[in-house]
Structure formats: C-alpha cells, structure tokens
Amino acid sequence: GDVPRSASEDTLLQKQISAQNKYSKSEFMVHVGDIKSGGMPCDENVYIKVSGYLKKLQIPTFIVPGDNEWNDCDDPVQAWSFWEKYFLRFEKNRKLSFAVQHQSKRPENFSFVKKNVLIIGINLVGGRVFDEKVWNQVLQADADWVKNKFQQNKKNVYAAVICAQANPNSKHDLFMTQFRNAAKSFAKPVLFIHGDGHKWIYTKPWLESNIVRVQVDRGGIAPPVRITVSQKTNPIFKFERKPFPVEN
C-alpha cells in the first residue's frame, strides 16, 4: 500500500514486483490503496502507469481505493472514473482458480474464500469527506457487505481478513460500529489490515478480542508483507515483513 509516491518509488515498486515474481510463493496480492502521493495531480496517466506495473504480477492481484486517487482529488468524480476504468475487477488480469464476488451496489468491494479463509476488500478511504451523502452511502455499503459475507460464510471458514485503505477514525464510525458488531457475531479470528499511516502497527484496539488490526508499512520503505493464515499456528495470522530480497 501507499506506493508509488515518487519517481524513485516507481522504480522501487517495479523491483518489488520483480522480486515477488521471482521468489514468493504467495497465492494472491492485495494493494491497500494510495497509488500516488496526495500532492500529485490525479491525471489519467498515473492510473495507467500504476495499473501497468501491477499487471506484471504473476499472481491474482486485487486493489482497494485510496483517498489520494479518489476523494482527495480536485475532481473526485473524474478521479473515480479513472479508478474504475483501470482498477475495477483488477483480478481478472490473471486466470483465477477461485470464485470472486463483487457487491452490486459498490462493485469495488470484493470477497472470496480460499482454503477456508474469507477475504474481503472494501472501499474505506481516509482523507476528506468531499460529499457527505456519498461518504455515508459507501460506509453503509461496506458494512452491509462485511456483515453479509460473515453471515454467509461463518460455517465454512475459520478466519477472515478485511482489506482497506483507511486508518479508521471518527469519520468511519458508521462502518466501524457495524463491523465490530458483525465481527463479534462472527466469533472467529478477524484481521483488519490497512495502509494510510505508512508505518507498521500490530494491535488489538477494540473490545472485540477476535479482531487484530495491522497497518502496513508503505511500499516506499518496505516490501509487501506476506501473510500466512493457518489453524495450525498460534496466532493464526503470521506476518513476514521481509519475505524476499529486493535487488538494487
């Protein structure tokens, strides 16, 4: 997440992708948003460029929206049209061995089950509230998607991972309250993983003891984190923050 944010990080991201393809045995990749810095213009070329980089990954790749490429742009409507054009259903760039579902109301929200683990991606962004009505509609759609997927898959999975961009704050309460209630009812380990803050955080900040929250290092200072989910380990979620060498 949070990469690339400069010309030097364009180069670094391409090296990370090359290393991922060469060394990693990961089964899929998720970019948790912010494909540019907040100060960069939201020109279409940026979306074309970064989507081109990510298409070079040899495994199914997913991406959730970030504020820098949507709501913090000077023209959020145009920026969103660019995001949809170049990143919506991004996983279709690779052959899939598993079924992926997208929410009809907000098709950027996705979910799938792999090896009895539920993976969910949602449009939960940081930054400014450019339109309160749209903001609340998106938050409610996120909450509905997570709740429904928890309910539909509770008997078939032993854990869940939620991928988002935002480091949650009071602007996200409409979603977070419902998410926490749904996770409590789900009653199985839940990893809420996001970008936004740029530095690694591992914590359990909420009363619901089954939720772990991780904020990933931004891609400009660290390679992608490799996450392994297994019932055979304690804790269930294992994190490798330097899973492979990145060549200079």
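Student: Hi! Where is Asp75 in this one?
Tutor: Asp75 sits in the loop between β2 (61-63) and α3. One thing to keep in mind as we go: this is a predicted model.

Student: Got it. Is Asp75 buried, exposed or partly exposed?
Tutor: Asp75 is partly exposed, because its relative accessibility is 38% and that class runs between 20% and 50%.

Student: And how far apart in space are Asp75 and Ala143?
Tutor: Their C-alpha atoms are 26 Å apart, with the two positions 68 residues apart in sequence terms.

Student: Let's zoom out. How many helices and strands are there in the protein?
Tutor: The protein has five helices and eleven strands.

Student: What does the radius of gyration say about the overall shape?
Tutor: For 248 residues, a compact globule would come out near 18 Å, and the protein has 17 Å, so the two agree. If you prefer spans, the C-alpha trace covers about 45 × 45 × 30 Å along its principal axes.

Student: What share of the residues is buried?
Tutor: Buried residues account for 51% of the 248. As for the surface, about 11,700 Å² is exposed, and carbon and sulfur atoms supply 48% of that area.

Student: Of the contacts between residues at least 6 apart in sequence, what share joins residues at least 24 apart?
Tutor: That share is 70% in this protein.

Student: Switching to pockets. How much space lies in the largest pocket?
Tutor: About 940 Å³. As background, rolling a probe the size of a water molecule over the atoms shows where empty space is left.

Student: Which residues lie nearest the centre of that pocket?
Tutor: Those are Phe28, Met29, Val225, Arg226 and Ile227, out of a lining of 40 residues.

Student: What kinds of residue make up the lining?
Tutor: The lining of the largest pocket divides into 25 nonpolar, seven polar and eight charged residues.

Student: Which helices or strands each supply at least two residues of it?
Tutor: There is α1 (7-23), and then the strands β1 (29-31), β5 (117-121), β6 (159-164) and β10 (226-229); each of these gives at least two residues to the lining of the largest pocket.

Student: Let's stay with α1. What about Asp10, buried or exposed?
Tutor: Asp10, which is found in helix α1, counts as buried because its relative accessibility is 12%, and the cut-off for buried is under 20%.

Student: What is Asp10 in contact with, leaving aside neighbours within four places in sequence?
Tutor: With those neighbours set aside, Asp10 is in contact with Pro4, Lys49 and Tyr53.

Student: And Thr11, is that buried, exposed or partly exposed?
Tutor: Thr11 is also found in helix α1. With a relative accessibility of 41%, Thr11 counts as partly exposed. The C-alpha atoms of Thr11 and Arg226 are 21 Å apart in space, and the two residues are 215 apart in sequence.

Student: You mentioned Pro4. What kind of peptide bond joins Val3 and Pro4?
Tutor: A cis one, with omega at about 5°. Pro4 has its place in the segment before α1. Another cis peptide bond runs from Asn234 to Pro235, with omega near 5°, and Pro235 is found in the loop between β10 and β11 (237-240).

Student: What do phi values and peptide bonds mostly look like?
Tutor: Most residues other than glycine have a negative phi, and most peptide bonds are trans.

Student: OK, what is phi for Arg89, then?
Tutor: Phi of Arg89 is near 55°, a positive value in a residue other than glycine. Arg89 lies in the loop between α3 (76-87) and β3 (101-102) and is partly exposed, with a relative accessible area of 33%.

Student: And what is phi for His198?
Tutor: His198 has a phi near 75°, again a positive value in a residue other than glycine. The place of His198 is the loop between β7 (190-194) and β8.

Student: Last stop, β8. What is Tyr202 in contact with, leaving aside neighbours within four places in sequence?
Tutor: Tyr202 belongs to strand β8 (residues 201-203), and its contacts beyond those neighbours are Val212, Arg213, Val214 and Phe239. The C-alpha atoms of Tyr202 and Arg213 are separated by 5.9 Å, while the two are eleven residues apart along the chain. Tyr202 counts as partly exposed, at 42% relative accessibility.

Terms used
Residues numbered from 1 in each chain as written. Predicted model: local features only at pLDDT ≥ 70, side-chain atom pairs only at ≥ 80, totals over all residues. Heavy atoms only, no water. 1 Å grid on protein atoms, 1.4 Å probe; cavity = no way out; pocket = protein on both sides within 12 Å on 5 of 7 lines; lining within 4 Å. Points joined across faces, edges and corners; volume = space filled by probe spheres on them. Helix = DSSP H or I, 4+ residues; strand = E, 2+ residues; numbered from the N terminus. Nonpolar A, V, L, I, M, F, W, Y, C, P; charged D, E, K, R; others polar. Rg over C-alpha atoms; globule rule 2.2 N^0.38 Å. Buried < 20%, exposed > 50% of the residue type's maximum accessible area, 1.4 Å probe, protein only. Contact = heavy atoms within 4.5 Å. Areas by Shrake-Rupley, 256 points an atom, 1.4 Å probe, with all protein chains shown as cover.
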